[in-house]
Amino acid sequence: RFTDADGGEAGRFGGTARLSVEIPPWTVTPSPRVLEVCLRFGLPMVMEGRQVCRDLRIDPRPGTITLITGPSGSGKSMLLAEIARRFPAAREVGRLPFPTDVSVLDAVAPTRGLDEALAILTACGLGEPMLWVRGFRQLSDGERFRARLARAISLQLRERATAPLLVDEFGAVLHRRLARSMAFNLRKLASRCSLALVLAAAQDDVVGELAPDTVIRLGEGDPEVTLHDMERRRPTSSLARRFRIARGTLRDYALFAPMHYRKRDNLGFIDRVFVLREGAQGPIAGIVVYGRPSLELTLRNLATGNRFRKDPGRLNRELRVLKRLVIHPDLRGCGLGRYLVERTLPQAGTRFVECLATMGAVHPVFDRAGMRRIGTVRAPASRDDAVGKLARMGVDPLDADFASHVRRRPTVRRIVSESVRAWYRSTTACGEGRIARQTATTLAQTFRQLAGSQPVYFLWARDEQGWQLIDEQTMNPAADTK
């Protein structure tokens, strides 16, 4: 424990402190080249020291964010190091060891539920499933920084730590849109989970999204300290203010298909496409696709009192299906997916909109957009039979050589093709021709996704009468239903 300059007491785990940081004078190490440079440019051999801050008051309480900003060389890292020294229980993200013998997903929040782990990863800019299953060594420098930040946050939450979490060079290795997106998500996490965050960043373009409680600007003179009353000031996102929703086309979706886990699937009959564009003519940041539904779905019949059972005419007039929602990985977790769905549901042009979403089990985007969670769709018995037949043949869809089995063994290809064909037939009313054109790799990937898929069924109604129709049904929304 230590006593600050005001005579108050700041503890190991938190409290108020006053800090003084000084860059001491230092002597240039002489060499012929160094001497020549000093003579040419008039540099002294002994450099003057300077004061970074004197009696600077900091108060990194849980639920608050302190941002230290200033040009390179202004002393941000030295001030952060002094904070670490004065708060021994503080966790420094840059020094945090990261396990290399497990996936990123298993290293982040291993003792918490999958939905919480994915929420933390997404908030830290790791919103791609492909990144979740990689090892730390397979990540880029920017991805490693984000993975360390996610692990540090998960440890803070697990330990219910009140000491500050220290992040140096925040956003330094990120492009600016991703840095602002992460700042917005960190603000939400700090407020929701009572995290004490102290960030150092050379660029202050994240202030709008980060909404810090305290901003400390370092420079040549005394630090400039700005305090914000967060009880009266909600964080605002300059990202959200810049986005516009417009009609799109399938050519727009072609740009986003690789970002979706079902990127190889045909979309079937498409009705309307909407894009989320940064500015009037700026780049597209998200897309949602609405199309025609399959003819029969048990959960739909349960939720609507058999309104559409054996009535394809009414089905086509009154219902559309939300087939795809993709937000650029840089912007996931900022609420833009909810915003895009919420604003476009009334523009789908029908009384009802349904959605089958595998991510619905771990992400509440559709709930928050106003859709009703009806239940989980259980895999049909025929698909379970297919998995069982493959197992008896010694074939596991999760093995790396699964595509090779599909390519080399006619019986395996027939079992896989029949299962995928049944899925296409039920969702897009076609499939025969598509199966013949697909490679073994594509078939294997599609079957693997189907074998592990248990999508959640959501339904949206335009008017109160539609909701009353749904409420009249007797069903268990949590139950698996064919």
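# Reading a predicted fold

Guide: Let's start small: right after helix H1, Gly 42 has a positive phi of about 70°. Helices (H or I, at least four residues) and strands (E, at least two) are DSSP runs, numbered from the N terminus. This is a predicted model, where local features need pLDDT of at least 70 and side-chain atom pairs count only at pLDDT 80 or more, while totals for chains, interfaces and linings use all residues. Residues are numbered from 1 along each chain as its sequence is written, and side-chain values use heavy atoms, with hydrogens and water left out.

Visitor: How many helices and strands does the chain have?

Guide: There are 20 helices and 20 strands.

Visitor: What pLDDT does the chain average?

Guide: pLDDT is the predictor's confidence in each residue, from 0 to 100. Here the chain averages 84, and 88% of the residues score at least 70. Confidence is lowest in strand E1 (residues 2–3), with a mean of 30, and highest in E9, at 95. Two stretches have a pLDDT below 50: residues 1–9, with 17 contacts beyond near neighbours in sequence, and residues 474–482, with 23 such contacts. A contact means heavy atoms within 4.5 Å. Where pLDDT is low, the predicted coordinates should not be read in detail.

Visitor: How many of the residues in H1 are buried?

Guide: Buried means under 20% relative accessible area, exposed means over 50%, and partly exposed is in between (1.4 Å probe, protein chains only). Helix H1 (residues 32–41) is hardly covered, with one buried residue among its 10. Across the chain's 482 residues, 50% count as buried. For an in-between case, look at Gln 468 in helix H20 (residues 464–471): its relative accessible area is 48%, so it is partly exposed. The C-alpha atom of Gln 468 is separated by 9.5 Å from that of Thr 304, though the two residues are 164 apart along the chain.

Visitor: Which side chains along E3 are buried, and which are not?

Guide: In a regular strand the side chains alternate between the two faces of the sheet. Strand E3 (residues 17–23) shows that: Ala 17, Leu 19, Val 21 and Ile 23 point to one face and are buried, whereas Arg 18, Ser 20 and Glu 22 point to the other and are not. Now try strand E19 (residues 456–461), where six of six residues are buried. Val 456, Phe 458 and Trp 460 are buried on one side of E19, and Tyr 457, Leu 459 and Ala 461 are buried on the other.

Visitor: Which strand does E3 pair with?

Guide: Strands of a sheet pair through backbone hydrogen bonds, either parallel or antiparallel. Two strands count as paired if DSSP finds at least two bridges between them. E3 pairs with strand E6 (residues 50–58) in the antiparallel sense over six bridges, and Ile 23 has Arg 50 as its bridge partner in E6.

E19 is joined antiparallel to strand E17 (residues 352–357) by six bridges and antiparallel to strand E18 (residues 372–377) by four. Find Leu 459 in E19: Glu 354 stands opposite it, and so does Arg 372.

Visitor: In what order do the six strands of the open sheet come?

Guide: The order is E8-E9-E10-E7-E11-E12, with mixed pairing. Strand E8 (91–92) and strand E12 (224–227) are at the edges with a single partner strand each, so one side of each has no neighbour in the sheet. Inside the sheet, strand E9 (residues 165–167) runs parallel to strand E10 (residues 197–201), joined by three bridges; one of the pairs is Leu 166 with Val 198. Helix H6 (residues 141–159) lies across E8 and E9, at about 170° to E9. That angle is between N-to-C directions, from 0 to 180 degrees, of axes fitted to C-alpha atoms, for helices over the stretch in contact.

Visitor: Which residues have the most contacts inside the largest nonpolar core?

Guide: A nonpolar core is a set of buried Ala, Val, Leu, Ile, Met, Phe, Trp, Tyr and Cys residues joined through side-chain atoms within 4.5 Å. The largest has 46 residues, and Leu 149, Ile 153, Phe 170 and Leu 199 have the most contacts inside it. H6 gives the most to this core, eight residues. A second, separate core of 27 residues includes Leu 325, Ile 327, Cys 334 and Met 371.

Visitor: How many disulfides does a search of the whole structure find?

Guide: Zero. A disulfide here is a pair of cysteine sulfur atoms within 2.5 Å. Among the cysteines, Cys 334 is buried at 11% relative accessibility, and Cys 355 is buried at 2%.
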